[in-house]
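Trainee: Before we discuss any detail, could we put the sequence and the structure side by side and go through them together, one topic at a time?

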Amino acid sequence: MSVTPPYSEIVRINQIGAGLQRRLEPDADARKRIARALDLQGLEDFVAELDLAPTPSSSAWTLKGRVTAHAVQTCGLTLEPLPAEVDRRFSIQLVESAPQEADEIEVTQDEDDVDPIEDGKIDLGQYAVEQLALSLDPFPRKPGAAFVQPEEPAEISPFAALKALKPRDEQG
């Protein structure tokens, strides 16, 4: 089962050439899908400026960019709208994944630093949404909002509970 990303802008490796620059500005419907996927109250503005180029002396590509957005999160304590401004620069190394022939998978430290390219396609929209998600506060809280621990109820003894069930007109 595959999950459809909220925003997608696919580029094939053979379209990159010496380099590729894109400015992504999702329309209102796409911003609503992104807001729903990221649990935002709203996403008024979202722009991703991306530069994708081959890395010299290797078979990898470098995706550099900047993501800016005006989002509205929900305060985790008061549940009120909380505006969030995003301005994030990023750089990601991408490498074309080799077909798996062996049953065992070898993991090296270098593999942690790169993202694999599958089927010769790079989804620039998905990377833009990912960088937006990484820029948002995972626990948004309005300034001055504080959690107050509710008072613990006094422990009721079983005899007090039975006494509460006894009719009032019976004395003794």
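**Fold and sheet**

Mentor: From the N terminus on, the elements of the chain run β-β-α-β-β-β-β-β-α-α, and we should keep in mind throughout that this is a predicted model.

Trainee: How many helices and how many strands does the secondary structure of the chain come to?

Mentor: Read from the N terminus, the order is β-β-α-β-β-β-β-β-α-α. Counting the two kinds of element separately, the chain comes to 3 helices and 7 strands.

Trainee: Which order do the strands of the open sheet have?

Mentor: The pairings lead us there, since β2 is joined to β3 by 5 bridges and runs antiparallel to it, while 12 bridges join β3 to β4, again antiparallel. From β4 the sheet continues to β5 through 15 bridges, and these two strands also run antiparallel. The open sheet has 5 strands with mixed pairing, in the order β2-β3-β4-β5-β6.

Trainee: Which strands are the edge strands, each pairing on one side only?

Mentor: The sheet is an open one with the order β2-β3-β4-β5-β6, and its neighbouring strands are turned by 25 degrees against each other on average, with direction ignored. The strands that pair on one side only are β2 (20–24) and β6.

Trainee: In β3, which residue is the bridge partner of Leu24?

Mentor: The strands to inspect are β2 and β3, which run antiparallel and are joined by 5 bridges. For comparison of method, Asp51 has Lys64 in β4 as its bridge partner, and Ala69 stands opposite Val86 in β5. Reading Leu24 in this manner, its bridge partner in β3 is Ala48.

Trainee: Which residue in the turn of the hairpin formed by β3 and β4 has a positive phi?

Mentor: β3 and β4 run antiparallel and are joined by 12 bridges, and the hairpin they form has 5 residues between the strands. The residue in the turn with a positive phi, of about 60 degrees, is Ser57.

Trainee: At about what angle to β5 does α2 run?

Mentor: Helix α2 lies across β2, β3, β4, β5 and β6, and those strands make up the open sheet of mixed pairing. Relative to β5, α2 runs at about 130 degrees.

**Charged pairs**

Trainee: Why does the salt bridge of Arg66 with Asp87 tie together parts that are apart in sequence?

Mentor: Arg66 forms a salt bridge with Asp87, and the closest N and O atoms are 2.7 Å apart. Arg66 lies in strand β4 (residues 60–74) and Asp87 in strand β5 (residues 81–96), so the pair links parts whose separation in sequence is 21 residues.

Trainee: Is Asp87 buried or exposed?

Mentor: Its partner Arg66 is partly exposed, with a relative accessible area of 27%. Asp87 has a relative accessibility of 52%, and because the limit for the outermost class is over 50%, Asp87 counts as exposed.

Trainee: Where do Glu80 and Lys142 lie, and how many residues apart in sequence are the parts that they tie together?

Mentor: Glu80 forms a salt bridge with Lys142, with the closest N and O atoms 3.0 Å apart. Glu80 lies in the loop between β4 and β5, and Lys142 in the loop between α2 (124–135) and α3 (158–165), so the parts tied together are apart in sequence by 62 residues.

Trainee: Which residues do salt bridges that share partners join into one network?

Mentor: Lys142, from the pair we have just discussed, is partly exposed at 25% relative accessibility. Salt bridges that share partners form one network, and the residues joined in it are Arg23, Glu25 and Glu49.

**Loops and burial**

Trainee: In which loop is Asp119 found?

Mentor: Asp119 is a residue other than glycine with a positive phi near 60 degrees, and it is exposed, with a relative accessible area of 68%. Its place is in the loop between β6 (114–117) and β7 (121–123).

Trainee: What percentage of the residues in the chain is buried?

Mentor: The chain exposes about 12700 Å², of which carbon and sulfur atoms supply 50%. For burial, the count runs over the 172 residues of the chain, and the buried residues make up 30%.

Technical notes: Residues numbered from 1 in each chain as written. Predicted model: local features only at pLDDT ≥ 70, side-chain atom pairs only at ≥ 80, totals over all residues. Heavy atoms only, no water. Helix = DSSP H or I, 4+ residues; strand = E, 2+ residues; numbered from the N terminus. Buried < 20%, exposed > 50% of the residue type's maximum accessible area, 1.4 Å probe, protein only. Areas by Shrake-Rupley, 256 points an atom, 1.4 Å probe, with all protein chains shown as cover. Salt bridge = Lys/Arg side-chain N within 4 Å of Asp/Glu carboxyl O. Pairing = 2+ DSSP bridges. Axes fitted to C-alpha atoms, helices over the stretch in contact; angles between N-to-C directions. Contact = heavy atoms within 4.5 Å.
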